[in-house]
Amino acid sequence: MDAFTAGLLQRIRTTESDLSRARDEGDDFLVEVEQGELDDLRRLAAEHGVEIGVARV
């Protein structure tokens, strides 16, 4: 796995975790921010053929 792929997958995991925490805390604004970031990261992964597996959030 190259550095780009590893970094992207780590960012996705971190963002999924942050999104889950925002949902648990009831922070609607942060949920929207984190969901937007996650959508962008997933799009970037798809554009570069990076398999990210099943969504956890």
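**Exercise 1. Meet the whole chain.** Describe the surface, the box and the make-up of the protein chain in this predicted model.

*Solution.*
- Step 1: Start with the surface. The accessible surface of the protein chain comes to about 3900 Å², and carbon and sulfur atoms account for 51% of it.
- Step 2: Look at the box. Taken along the principal axes, the C-alpha atoms fill roughly 35 × 20 × 15 Å.
- Step 3: Find the secondary structure. The chain has two helices and zero strands.
- Step 4: See what is covered. The chain has 57 residues, of which 25% count as buried.
- Step 5: Turn to charge. There are 7 positive and 14 negative side chains, and the centres of these two sets are 5 Å apart.
- Step 6: Check the contacts. Take those between residues at least 6 apart in sequence: 57% of them join residues at least 24 apart.

**Exercise 2. Check the length of a helix.** Work out whether the span of helix 1 agrees or disagrees with the value expected at 1.5 Å a residue.

*Solution.*
- Step 1: Helix 1 covers residues 3-25, which makes 23 residues.
- Step 2: The expected span is 1.5 Å times one less than the number of residues, and for helix 1 this gives 33 Å.
- Step 3: The C-alpha atoms at the ends of helix 1 are 33 Å apart, so the two values agree.

**Exercise 3. Explore the two ends of helix 1.** Which residue caps the N-terminal end of helix 1, and what phi does Gly26 take just after this helix?

*Solution.*
- Step 1: At the N-terminal end, the cap is Asp2, with a side-chain oxygen 3.3 Å from the backbone nitrogen of Phe4.
- Step 2: Met1 sits in the segment before helix 1. Leaving aside residues up to four places away in sequence, Met1 touches Ala6 and Leu9.
- Step 3: Is Met1 buried or exposed? Exposed means over 50% relative accessible area. Met1 has 78%, so it counts as exposed.
- Step 4: Now compare positions. Met1 and Ala22 are 21 residues apart in sequence, and their C-alpha atoms are 30 Å apart in space.
- Step 5: Move to Glu25, which also belongs to helix 1. Glu25 is exposed because its relative accessible area is 57%, with the limit for exposed being over 50%.
- Step 6: From Glu25 to Arg42 is 17 residues along the chain, and the C-alpha atoms of the pair are separated by 24 Å.
- Step 7: Just after helix 1 comes Gly26, whose phi is positive, at about 75°.

**Exercise 4. Find the buried side of the story.** Name the buried residues of helix 1, then say what touches Thr15.

*Solution.*
- Step 1: The buried residues of helix 1 are Thr5, Leu8, Leu9, Ile12, Thr15, Glu16, Leu19 and Ala22.
- Step 2: Their cover includes helix 2 (28-47).
- Step 3: Take Thr15, in helix 1. Buried means under 20% relative accessible area; Thr15 has 7%, so it is buried.
- Step 4: Not counting residues up to four places away in sequence, Thr15 touches Glu34, Glu37, Leu38 and Leu41.
- Step 5: The side chain of Thr15 also reaches the backbone oxygen of Arg11, at 2.8 Å.

**Exercise 5. One in-between case.** How does Gln10 count at 40% relative accessibility?

*Solution.*
- Step 1: Gln10 lies in helix 1.
- Step 2: Partly exposed is the class between under 20% and over 50%, so Gln10, at 40%, counts as partly exposed.
- Step 3: Gln10 and Glu51 are 41 residues apart in sequence, with 13 Å between their C-alpha atoms.

Methods
Residues numbered from 1 in each chain as written. Predicted model: local features only at pLDDT ≥ 70, side-chain atom pairs only at ≥ 80, totals over all residues. Heavy atoms only, no water. Helix = DSSP H or I, 4+ residues; strand = E, 2+ residues; numbered from the N terminus. Buried < 20%, exposed > 50% of the residue type's maximum accessible area, 1.4 Å probe, protein only. Contact = heavy atoms within 4.5 Å. Polar contact = N/O pair within 3.5 Å; in protein donor to acceptor, adjacent residues only side chain to side chain. Areas by Shrake-Rupley, 256 points an atom, 1.4 Å probe, with all protein chains shown as cover. Lys, Arg positive; Asp, Glu negative; His and termini not counted. Charge placed at Lys NZ, Arg CZ, Asp CG, Glu CD.
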